[in-house]
Every structure is written in structure tokens, then in C-alpha cells.
Amino acid sequence: MTAPIVAPSILAADFAHLADEVRAVQPSADWLHVDVMDNHFVPNLTIGLPVVQSLLAVSSLPFDVHLMITEPRRWAPAYADAGAYNVTFHAEACDNPVALAKDLRSAGAKAGLAIDRDTPIEPYLDLLPSFDTLLIMTIKAGFGGQRFIPELLDKVRTARRHVAAGHLELRIEVDGGIAADTIEQAAAAGADAFVAGTAVYGAEDPAEAVRRLRGLAER
Ligand code: DX5
Ligand code: ZN
């Protein structure tokens, strides 16, 4: 397995000082996780393309954009065009995930498939060669600060076995409730990319919190 990626989620940052909050994690973060919510796919509303474009202009971090929106086909390629490193959309919101993954890769981004809490992983395993990242929610998508659900790591284990058997080059990312007391079990289950909002931005020193999480995931 490759070295773990830690992606702080700016959902837990102070939205009045976003550029400063991005800079605060820049020294240690691998990716910056950006949660785009549309109040339709999930009952919460965050930021959209103009804000992401502005943040891209003030950061050198690879952006890991997590689209929790209906109709990802309509919006996802614009995030790739804007310069996002990885664009992830939800399996539940898309009737042709492989076609959209192809579009994202053509636009120069990596393509990610997200699986929400109540969605089984099995129907999607055969699609994984079309993707660069698989985001397995470890909560129900929509809000930060929720409690990690350990049972959802069974999906990570299933995906990791499938990735290993098929020699696929795919990151398995977990999102939701990742913190010092949960990241080790997620890593042991086979995750190699870790989103953390509250655990990073709720810490006194966010950059140090990222380093600490990565250290725990490496063990
Ligand atoms: C929630 C988002 C997460 C969120 C995680 O739907 O996808 O990225 O920021 O927040 P924490 O780490 O606080 O659970
Ligand atoms: Zn997210």
C-alpha cells in the first residue's frame, strides 16, 4: 500500500477566513478536501465553483473536491477545468459513473467515486478501474462533526481485497469522524487516504494535527 494521504476538510474551518485556514494546513497536508453540498443531494449547503476557484488561486495544495450534489454530470467537469486535482461524485447521484469518470480524466483531473453510508459497495466494484479514488463514507454524508461508524469499514475491507486482487491503482479514502482514535482502524481496514475536518480544524495547531494523524495511519 502507498504512503497515507491526509486531507483536511475545510468544512470545519472558519468560512470567514478561508484563505488563512487553507494556509494553516498547507505545510503538512497532502490534499485539501473541499465539500460541495447543494441542499438537494444532502440537506446542507456549503460552497460552489466560484469559491473553489478563488481558493485554488491562493493555494498550492492538490484539491480533493467532494461533490455532494445531484446532477454531478452537469457540474463536475467544471471543477476539473478549474484545476482540482481529484473530483469525486456520489454513485447514488449518477446513472453513468464510468462516462463521467472518463470526462473528468479527459479534463485533466483524477476521478473519484463516493459511496454513502447506506449504499453497498458490491455493485460498484467492477467500475473501479475507471477511477483513481474510491471515497467510502464512514458517516452519512452531509455534515461534519458526526460520530465515526466502524461497521462501515467492512466496505473498505471488501474494496481493499478487490483492489489488491485486480492490482488496481486506486486510493481508498475514508471520510467522516476520522480522528486520532479512529484513523488506525480505518488504516488497518485498508484505507490509504483520510479526510479529517473537526480533528484538524478543531485542534490548536491544525498543521501539527495533520502530521499526528498521518503518523497514526502509518503504523
Ligand atoms: C461530510 C463531509 C466530510 C466532513 C467530515 O459529509 O463529506 O468531509 O467534513 O468532517 P469530520 O472530519 O468532522 O467528520
Ligand atoms: Zn467530504
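This is a short tour of a predicted model, stop by stop.

**Stop 1: the sheet.** Select the strands. Eight of them form an open sheet, and the pairing is parallel. Read across in the order β1-β8-β7-β6-β5-β4-β3-β2. β1 (5-8) and β2 sit at the edges with a single partner strand each, so one side of each has no neighbour in the sheet. From one strand to the next, the twist averages 20 degrees.

**Stop 2: strand β5.** Now select residues 110-115, which make up β5. Is this strand mostly covered or uncovered? It is mostly covered: six of its six residues are buried. Colour the two faces separately. Lys110, Gly112 and Ala114 lie on one side, and Ala111, Leu113 and Ile115 on the other; all are buried.

Add the partners. β4 (residues 86-90) pairs with β5 in the parallel sense over five bridges. On the β6 side (residues 133-137), four bridges join the two strands, again parallel. Centre on Leu113. Phe89 stands opposite Leu113, and in β6 the bridge partner of Leu113 is Leu134.

**Stop 3: the helix across the sheet.** Show α5, residues 153-165. This helix lies across β5, β6 and β7 (171-175). Its direction is about 170 degrees to that of β7.

**Stop 4: the core.** Which residues have the most contacts inside the largest nonpolar core? They are Val87, Ile136, Ala186 and Phe194, in a core of 76 residues. Zoom in on Ile136. Beyond its neighbours within four places in sequence, Ile136 is in contact with Ile115, Leu152, Lys155, Val156, Ala159, Ile172 and Val174.

**Stop 5: ligand 1.** Select ligand 1 and its surroundings: 21 residues. The closest are Ser9, Leu11, Gly144, Gly197 and Thr198. Elements giving two or more residues to this shell are β2 (32-37), β8 (193-196) and α7 (198-201). Colour the shell by class to see eight nonpolar, eleven polar and two charged residues.

**Stop 6: Thr70.** Finish in the loop between β3 (63-68) and α3 (72-82), where Thr70 lies. Why does Thr70 count as partly exposed? The reason is its neighbour count: 17 other C-beta atoms lie within 10 Å, whereas a buried residue needs 20 or more and an exposed one has 12 or fewer. Leaving aside neighbours within four places in sequence, the contacts of Thr70 are Asp38, His40, Phe41 and Ala93. For a last distance, pick the C-alpha atoms of Thr70 and Asn44. They are 13 Å apart in space and 26 residues apart in sequence.

Terms used
Residues are numbered from 1 along each chain as its sequence is written. Chains are lettered from A and ligands numbered from 1 in the order in which they are written. This is a predicted model: local features need pLDDT of at least 70, side-chain atom pairs count only at pLDDT 80 or more; totals for chains, interfaces and linings use all residues. A residue is near a molecule or strand if its C-beta atom, placed from the backbone, lies within 6 Å of it. Ala, Val, Leu, Ile, Met, Phe, Trp, Tyr, Cys and Pro count as nonpolar, Asp, Glu, Lys and Arg as charged, and the others, Gly among them, as polar. Two strands pair if DSSP finds at least two bridges between them. Axes are lines fitted to C-alpha atoms, for helices over the stretch in contact, and angles run from 0 to 180 degrees between N-to-C directions. Two residues are in contact if their C-beta atoms, placed from the backbone, lie within 7 Å. A nonpolar core is a set of buried Ala, Val, Leu, Ile, Met, Phe, Trp, Tyr and Cys residues joined through C-beta atoms within 7 Å.
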